[in-house]
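Let's take a walk through a protein together, starting with the whole chain and then stopping at a few residues along the way. Keep the structure open beside the text and turn it around as you read.

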Amino acid sequence: MKKTLLLCLTAGMLATASEIRFGHGTYALKGGFLGFTSRRTTDITSYSMVEQHKNILKSRGYYAYNITWYDSDELLRKQQTLNSGASQVKSMTPGSSSTSVQIPGLEYRYQGLDVQAAIGYDLYHKGENDFLGMGILAGISLPWIDTQKSSDSLADHTFDNIYEKSKTKIKTYRIGPSIEGRKSIGRFFSAYLSGTAAYQTGKIKNDYASADFNANGWFGAFDAGLRFQPVSYDKKFFGITISPRLYANLGYRYSHWELKDVAIDISGTGVAFDKDTMKMSTSIAYFAIGYSF
């Protein structure tokens, strides 16, 4: 039933308007995982279906949406030793007097779906390419992070039976204010921007560590770019006006997810360590082609 509704919704969006984006940039991860106290980055690719701003029945009310699939390269964290000077490690195993633990090199890969939609009202509206609107955005993120030992782990096979492959699934919901704006530059070009800062809450699961807990935080995004619209005209057929538009965009999008009090022991050894703020971000340049009627 859910799959049928999603297909119907997607078909409806494609029938009226659609902007297909192809993006490439940087993914960053910090905190939340044992031994992951510093920020690490890797390349990431994104594929999106977007409606930046669509007025409803010639009114100042509008809707917008963004459906994006992310897929990163392997993100590497080299082998390291955490000892009593590293405050996040409390004990290596239950009952042990040692406060040091050696973390092998690990590889992380981020993949997942992000969906958001907004409804709002144009505070200023002079035309389809000259407006400034404010609205309410709601969204859901469904990413997962695959983890496994990398080739730089210890040669003595100390970790052969721990730090196995694991999958961390994240599901977050968000809601908050959003802003959309566009300004025409001559006949064929316009510049646009959008932004949001939203509260988010969700659940994190890790299959290997048997972790399953709730987490709260915030989500932020900023999008800006240049639109080239060579085809734009209105035509009446039997009293009905159709307005075909064909355009291309070059843009940049930054997104940031932050979840507080996260602690995932991916070693499977019961290591206890302080909860930390898990931060993920994407910084992506993209090219898009789109149409509307």
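## The big picture

Of this protein's 293 residues, 45% count as buried. Keep in mind as you look around that this is a predicted model. When you scan for secondary structure, you'll find 17 strands and 1 helix.

How much of the contact network joins residues at least 24 apart in sequence? Take the contacts between residues at least 6 apart: 71% of them join residues at least 24 apart. As for the outside, the accessible surface comes to about 14900 Å², and carbon and sulfur atoms account for 61% of that.

## Inside: the nonpolar core

Now go inside. The largest nonpolar core has 26 residues, and the ones that touch the most other members are L29, F33, Y108, I145, I204, M278 and M280. Which elements give two or more residues to this core? They are β1 (17–30), β8 (106–127), β12 (211–232), β15 (245–262) and β17 (276–292). The largest share, 5 residues, comes from β12.

M278 is a good residue to click on. Setting aside neighbours within four places in sequence, M278 is in contact with a whole list of residues, including L29, F33, I145 and I204. Also among the contacts of M278 are I170, W257, L259 and V262.

## A hairpin: β10 and β11

Next, find strand β10 (residues 166–185) and its partner β11: the two run antiparallel and are joined by 16 bridges. To see one pairing up close, look at Y173, whose bridge partner in β11 is T201. The hairpin has 3 residues between its strands, and here G186 takes a positive phi near 75°.

While you're here, check out S190, which sits in strand β11 (residues 189–206). Is S190 buried or exposed? S190 counts as buried because its relative accessibility is 1%, and the cut-off for buried is under 20%. Skipping neighbours within four places in sequence, the residues in contact with S190 are N129, R182, K183, S184, I185, G225, L226 and R227.

## Out on the surface

Back to the outside, where a nonpolar patch is formed by I20, F22, Y47, W69, L250, F287 and I289. Together they have about 660 Å² of accessible area. Strands β1 and β17 each supply at least two residues of this patch. One of the patch members, L250, lies in strand β15. With a relative accessibility of 57%, L250 counts as exposed.

R39 is another one to look for, in the loop between β1 and β2 (40–55). R39 counts as exposed too, at 53% relative accessibility. Along the chain, R39 and K279 are 240 residues apart, yet their C-alpha atoms are separated by 8.7 Å. If you leave out residues up to four places away in sequence, R39 touches A28, L29, K30 and S281.

## Charged pairs

How many salt bridges are there? The count comes to 8. In one of them, R109 pairs with D71, and the closest N and O atoms are 2.9 Å apart. This pair links distant parts of the chain, with R109 in strand β8 and D71 in strand β3 (residues 61–72), 38 residues apart. R109 is partly exposed, with a relative accessible area of 28%.

Another salt bridge joins the side chains of D130 and K183, at 3.6 Å from N to O. Here too the pair links distant parts of the chain: D130 belongs to strand β9 (residues 130–149) and K183 to strand β10, 53 residues apart. D130 is buried, since its relative accessible area is 12%. You've already met K183 as one of the contacts of S190.

K203 and D212 make a salt bridge as well, with their closest N and O atoms 3.4 Å apart. K203 is partly exposed at 33% relative accessible area, and D212 is partly exposed at 47%. Finally, look for E19, R21, D223 and R253, which are linked in a network of salt bridges.

Notes:
Residues are numbered from 1 along each chain as its sequence is written. This is a predicted model: local features need pLDDT of at least 70, side-chain atom pairs count only at pLDDT 80 or more; totals for chains, interfaces and linings use all residues. Side-chain values use heavy atoms; hydrogens and water are left out. A nonpolar core is a set of buried Ala, Val, Leu, Ile, Met, Phe, Trp, Tyr and Cys residues joined through side-chain atoms within 4.5 Å. Buried means under 20% relative accessible area, exposed over 50%, partly exposed in between (1.4 Å probe, protein chains only). Helices (H or I, at least four residues) and strands (E, at least two) are DSSP runs, numbered from the N terminus. Contact means heavy atoms within 4.5 Å. Accessible areas come from the Shrake-Rupley method with a 1.4 Å probe; for residues, only the protein chains shown count as cover. Patches are made of residues with over 30% relative accessible area and no salt bridge: like charges are joined within 9 Å, nonpolar side chains (Val, Leu, Ile, Met, Phe, Trp, Tyr) within 5 Å. A salt bridge is a side-chain nitrogen of Lys or Arg within 4 Å of a carboxyl oxygen of Asp or Glu. Two strands pair if DSSP finds at least two bridges between them.
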